[in-house]
Amino acid sequence: VRRAEDHDVAGSDTGATERVVQVAWRLERVRGGIWALRNTGLASARDALLSDATVPPKYVRPDEVIPRDVDRDDVLQFRVMAARGAPPPRIRVTWREAAGSPAYSREFTVLTAS
């Protein structure tokens with residue numbers, strides 16, 4: 001699983017490379033303990049799945065447990081149950097950019113303080 005969400009693309013005549021972000025994520029609070037991870041990139045995230053990356057994992061409850069395609073500006077929604085004195089909840093999202101492509105992964109810390 002690759003952790004990067006941008007890719008090197010060869011430039012036209014110079015041989016230089018430039019960064020092209022295909023899938024990008026933004027963490028958003030919907031209300032209370034309900035959160036969403038929005039795809040703000042240029043492409044759909046294929047087979048995207050959100051999971052609890054907290055150690056120990058018990059504070060994040062994804063609304064979906066089956067991977068699905070997340071189009072641009074679509075979200076994966078989840079609930080956070082924060083406990084006093086517990087580590088900050090962390091989420092992990094995994095996805096592919098095309099069928100058969102390598103899997104990518106990114107983690108976020110959910111700051112639940114008001």
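Two aromatic pairs were found in a search of the whole structure; rings of Phe, Tyr and Trp (its six-membered ring) pair if their centres lie within 6.5 Å, and planes under 30 degrees apart count as stacked, over 60 as edge-to-face and the rest as tilted. W25 and W95 form an edge-to-face pair, at 5.6 Å centre to centre with 70° between the planes. Because W25 lies in strand 3 (residues 25-31) and W95 in strand 9, this pair ties together parts that are 70 residues apart in sequence. Strands (E, at least two residues) are DSSP runs, numbered from the N terminus. W95 and Y104 form a stacked pair, at 5.9 Å centre to centre with 25° between the planes. W25, W95 and Y104 thus make up one aromatic cluster.

The model is predicted; local features need pLDDT of at least 70, side-chain atom pairs count only at pLDDT 80 or more, and totals for chains, interfaces and linings use all residues. Residues are numbered from 1 along each chain as its sequence is written, and side-chain values use heavy atoms, with hydrogens and water left out.

W25 is buried (under 20% relative accessible area, against over 50% for exposed and in between for partly exposed; 1.4 Å probe, protein chains only). W95 is buried at a relative accessible area of 1%, and Y104 at 4%.

Strand 9 belongs to an open sheet of four strands in the order 7-5-9-10, with antiparallel pairing; two strands pair if DSSP finds at least two bridges between them. The edge strands, strand 7 (68-70) and strand 10 (103-109), each pair on one side only. Five bridges join strand 5 (residues 45-52) to strand 9 (residues 90-96), and S51 has R92 as its bridge partner in strand 9.
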